[in-house]
Amino acid sequence: MSIASAEIIVTSPDRNFVTLKLTTIDGVSGLGDATLNGRELAVVSYLRDHVVQLLIGRDEGNIEDTWQFLYRSAYWRRGPVTMAAIAAVDVALWDIKAKTAGMPLYQLLGGASRRGLLAYGHASGKSNAELFESIRSHQEQGYRAVRVQAGVPGLKSIYGIASNATSAANPGVRYDHEPAQRGALPAEEDWDTRSYLRHLPTVFEAVRNEFGPELPLLHDGHHRMTPIQAAQLGKSLEPYDLFWLEDCTPAENQQGLRIVRQHTTTPLAIGEVFNTVWDFQQLISEQLIDYVRAAATHFGGVTPLRKAMDFAAQFQIRSGFHGPTDVSPVGFAAQLHVGLAIHNFGIQEYMEHSEATNSVFQQTMTFRDGYLHPGDAPGLGVQLDEQAAASFPYEPAYLPVSRLHDGTLHDW
Ligand code: EZ4
Ligand code: CO
């Protein structure tokens with residue numbers, strides 16, 4: 001057996017996706033997700049110009065060896081472009097292996113450890129009234145956990161708030177949960193950490209008063225605080241019993257998390273921008289976080305994600321895999337299989353894909369009563385309609401930037 005062909009498919013049903021399709025000489029094909037939001041074509045080039053020719057003729061069954069070959073032969077290790085490209089190959093090979101075995105991927109990873117994966121959705125609102133409406137509508141859709149993002153008085157437009165900015169390229173189109181907007185330039189948003197730190201606890205107090213103590217609530221700080229500011233926020237949110245506080249500070253400086261940890265018992269989740277287990281080494285071994293936010297797509301695939309979670313399990317750290325719409329249905333399915341199989345699953349972020357996206361990627365995945373399940377079809381359970389994909393050509397889109405009142409560039 002060997003890999004006979006490799007195709008890279010770029011499609012933009014309402015956002016850009018990059019998919020790798022590998023086919024064996026026996027005609028079995030597998031899909032891998034290589035989508036890197038706002039930098040998609042860099043991964044296309046990495047795959048097309050430097051990787052696919054290395055794959056032809058390789059034994060598709062030797063997934064670990066192919067992973068090590070791509071990682072080590074590049075010499076230049078890690079980085080989001082490299083690791084998204086390797087992830088696409090890895091996930092496509094797992095899809096092929098599971099299809100060949102006639103089993104859903106989670107069976108090859110050890111079988112199901114639970115009936116379904118607890119999911120959380122994104123509730124948001126500029127005002128508390130809007131936010132309550134959004135939380136209620138998520139509960140009606142079955143969600144049993146919600147992420148809460150709120151407007152801040154004095155700030156026009158911030159990440160994660162549905163009713164905020166409309167894009168210049170698509171006037172009238174709600175920003176919703178997708179931060180990358182089509183157009184030639186990134187959108188500019190504004191930010192003020194002191195206002196945010198004052199306001200957010202009042203929002204969580206109001207939400208707890210309205211919805212009671214049971215509902216698991218999450219919040220994303222999106223890298224915007226210094227360690228001591230993150231410590232202040234974690235402390236001030238303690239009365240509202242968060243499931244987690246996400247990306248409270250950029251974790252390039254991992255020692256910064258020691259400061260946060262010293263001051264607050266609010267659980268912490270980090271890692272959506274990480275691309276290897278090395279990025280988690282200190283955070284996991286020093287028990288500075290509670291949830292691993294990696295996504296299969298940006299982390300080199302199923303193979304290293306499983307290894308990172310086995311390492312995390314020694315420290316009772318659980319999964320909280322990144323599930324934004326920029327992880328394609330292929331990447332999402334891959335991590336659902338991992339989440340179903342591992343013992344230390346925590347929660348799965350779920351931002352539903354659009355109808356157009358679902359018409360390109362047909363999925364066996366289900367969301368019922370607040371729980372996700374990848375389905376029982378052999379492989380990942382995702383099929384790509386290549387004709388539909390071709391009808392949505394690539395469109396440039398950028399993630400936003402954020403500035404403070406004096407114009408200083410800040411994390412968004
Ligand atoms: O901003 O995936 O928790 N989720 C997030 C995401 C990220 C986007 C960036 O492409 O922070 O919405
Ligand atoms: Co996030």
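Start at S402 in this predicted model. Its bridge partner in β20 is H410. Now widen the selection to strand β19, residues 401–403. β19 and β20 pair in the antiparallel sense, over two bridges.

Add β7 to see the rest of this sheet. The sheet is open and has three strands, in the order β7-β19-β20. Its pairing is mixed. The edges are β7 (188–190) and β20 (409–410), each of which pairs on one side only.

**Next stop: β8**

Select residues 217–220, which form strand β8. Which strands should you show beside β8? Strand β5 (residues 146–150) pairs with β8 in the parallel sense over two bridges. Strand β9 (residues 244–246) also pairs with β8 in the parallel sense, here over three bridges.

Click on L218. R147 stands opposite L218. In β9, the bridge partner of L218 is W244.

Now turn on the side chains of β8. Are its faces covered or open? Both are covered. L217 and H219 lie on one side, L218 and D220 on the other, and all of them are buried. In a regular strand, side chains alternate between the two faces of the sheet.

**Next stop: the cobalt ion**

Stay on D220 and show ligand 2, the cobalt ion. Which residues coordinate the ion? They are D220 (OD), E246 (OE) and E272 (OE), at 2.0 to 2.2 Å. Along the chain these donors follow the spacing D-x25-E-x25-E.

Compare D220 with E272. D220 sits in strand β8, while E272 sits in the loop between β10 (268–270) and α10 (281–285). The two are 52 residues apart, so the pair links distant parts of the chain. Why do both count as buried? D220 has 0% relative accessibility, and E272 has 11%; the cut-off for buried is under 20%.

Measure the angles at the metal next. Among the six donor atoms they run from 24 to 177°, and the site is irregular. For six octahedral donors the ideal angles are 90 or 180 degrees.

**Last stop: ligand 1**

Select ligand 1 and the 15 residues around it. Those that come nearest are N37, Y159, H222, E272 and D326. E272 is also one of the residues that coordinate the cobalt ion.

Three polar contacts are worth displaying:

- D220: an N or O atom of its side chain is 3.0 Å from an oxygen atom of ligand 1.
- H322: a polar side-chain atom lies 3.3 Å from a nitrogen atom of ligand 1.
- D326: a polar side-chain atom lies 2.7 Å from an oxygen atom of ligand 1.

Finish with a surface view. Taken alone, ligand 1 exposes 330 Å², and the protein buries 95% of that.

Terms used
Residues are numbered from 1 along each chain as its sequence is written. Chains are lettered from A and ligands numbered from 1 in the order in which they are written. This is a predicted model: local features need pLDDT of at least 70, side-chain atom pairs count only at pLDDT 80 or more; totals for chains, interfaces and linings use all residues. Side-chain values use heavy atoms; hydrogens and water are left out. Donors are N, O and S atoms within 2.8 Å of the metal (3.2 Å for Na, K and Ca); water is not among the atoms, so sites may look incomplete. Four donors count as tetrahedral if all angles lie between 85 and 135 degrees; four count as square planar and six as octahedral if opposite donors are over 155 degrees apart and all others between 65 and 115; anything else is irregular. Helices (H or I, at least four residues) and strands (E, at least two) are DSSP runs, numbered from the N terminus. Buried means under 20% relative accessible area, exposed over 50%, partly exposed in between (1.4 Å probe, protein chains only). A residue is near a molecule or strand if one of its heavy atoms lies within 4 Å of it. A polar contact is a pair of N or O atoms within 3.5 Å; within protein, one must be able to donate a hydrogen and the other to accept it, and residues adjacent in sequence count only if both atoms are side-chain atoms. Accessible areas come from the Shrake-Rupley method with a 1.4 Å probe; for residues, only the protein chains shown count as cover. Two strands pair if DSSP finds at least two bridges between them.
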